[in-house]
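User: I would like to work through this structure by question and answer. Please reason briefly each time and finish on the value or name requested.

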Amino acid sequence: MLREELVDSNNFVQEKMEHESKKKKLLSLEGSIDSNIKKNKKLVSFFEENDKCPTCLQSIDSEFKEIQNKSLEDKRKEYDKAMIELESRLQKIDQSLVSLNEQITESQKKQTKINHLHEVS
């Protein structure tokens, strides 16, 4: 029984490390998506505010602007959907981490009691 509890404790720690690694990757992905959202907003603003290219001074066709805005709107919706999914996954990982921390703490308490019993005997 004692060995099983020690194995469980090690499994909890390993699982916690895996969850923390997943969380780190998801947070990185969240940063990338957020960056894409900002770029998307800048492009939308560009097409809303400009009728001529500021670099080459050629006029920007209204049909072209409409197509670009539609494309940018579709991308924004994809980013919003991805962020919602990401937040959901992060929330689940956070809940798992709370549970794992509780299990690790409980295992550590048991180990401390066992160590104390060995010292006394």
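User: Which residues are linked with R76 in a network of salt bridges?

Analyst: This is a predicted model, and the answer rests on its computed side-chain positions. A salt bridge here requires a side-chain nitrogen of Lys or Arg within 4 Å of a carboxyl oxygen of Asp or Glu. R76 takes part in such a network, and its partners there are E73 and D80.

User: How many salt bridges does a search of the whole structure find?

Analyst: Side chains of opposite charge can pair when their charged atoms come close. The protein chain carries 22 positive and 24 negative charges. A search of the whole structure gives a total of seven.

User: What is the distance between the mean positions of the positive and negative charges of the protein chain?

Analyst: The calculation takes in 22 positive and 24 negative charges. Lys and Arg count as positive, and Asp and Glu as negative. The two mean positions are separated by 2 Å.

User: What secondary structure does the protein chain have?

Analyst: Helix α1 covers residues 2–49. Helix α2 covers residues 62–120. The secondary structure of the chain therefore comes to zero strands and two helices.

User: What is the radius of gyration of the protein chain, and what would a compact globule of 121 residues have?

Analyst: Along its principal axes, the C-alpha trace spans about 90 × 20 × 15 Å. For a compact globule of 121 residues the radius of gyration would be near 14 Å, whereas this protein chain has 26 Å.

User: What percentage of the residues of the protein chain count as buried?

Analyst: Buried means under 20% relative accessible area. The protein chain exposes about 9600 Å², of which carbon and sulfur atoms supply 52%. Of its 121 residues, the buried share is 18%.

User: Among contacts between residues at least 6 apart in sequence, what percentage join residues at least 24 apart?

Analyst: E30, in helix α1, provides an example of contacts across the sequence: leaving aside neighbours within four places, its contacts are M83, L86, E87 and L90. For the protein chain, the percentage asked for is 75%.

User: Is E30 buried or exposed?

Analyst: The limit for the buried class is under 20% relative accessible area. E30 has 18% relative accessibility, so the class for E30 is buried.

User: What distance separates the C-alpha atoms of E30 and K77?

Analyst: E30 lies in helix α1. Along the chain, E30 and K77 are 47 residues apart. In space, their C-alpha atoms are separated by 15 Å.

User: What is the C-alpha to C-alpha distance between Q68 and E78?

Analyst: Q68 belongs to helix α2 and is partly exposed, with a relative accessible area of 24%. In sequence, Q68 and E78 are ten residues apart. Their C-alpha to C-alpha distance is 15 Å.

User: Which residue forms a salt bridge with K65?

Analyst: K65 lies in helix α2, and at 12% relative accessibility K65 counts as buried. Leaving aside neighbours within four places in sequence, K65 is in contact with F47, N50, D51 and I60. The salt bridge, with the closest N and O atoms 2.7 Å apart, is formed with D51. This pair links distant parts of the chain, 14 residues apart: K65 in helix α2 and, in the loop between α1 and α2, D51.

User: Is D51 buried or exposed?

Analyst: Over 50% relative accessible area is needed for the exposed class. D51 has a relative accessible area of 54%, so D51 is exposed.

User: What separates E20 and K16 along helix α1?

Analyst: The side chains of E20 and K16 meet in a salt bridge of 3.9 Å, N to O. E20 is partly exposed at 39% relative accessible area, and K16 is partly exposed at 23%. Because E20 and K16 are four residues apart in helix α1, their separation is about one helical turn.

User: With which residue does K38 form a salt bridge?

Analyst: K38 and its partner both lie in helix α1, four residues apart, about one turn of the helix. The closest N and O atoms are 3.5 Å apart. The partner is partly exposed, with a relative accessible area of 30%. That residue is D34.

User: What is the phi of L57?

Analyst: L57 is placed in the loop between α1 and α2. With a relative accessible area of 60%, L57 is exposed. Although L57 is not a glycine, its phi is positive, at about 65 degrees.

Key: Residues are numbered from 1 along each chain as its sequence is written. This is a predicted model: local features need pLDDT of at least 70, side-chain atom pairs count only at pLDDT 80 or more; totals for chains, interfaces and linings use all residues. Side-chain values use heavy atoms; hydrogens and water are left out. Contact means heavy atoms within 4.5 Å. The radius of gyration is taken over C-alpha atoms; the globule rule is 2.2 Å times the number of residues to the power 0.38. Buried means under 20% relative accessible area, exposed over 50%, partly exposed in between (1.4 Å probe, protein chains only). Accessible areas come from the Shrake-Rupley method with a 1.4 Å probe; for residues, only the protein chains shown count as cover. The place of a charge is taken as NZ of Lys, CZ of Arg, CG of Asp or CD of Glu.
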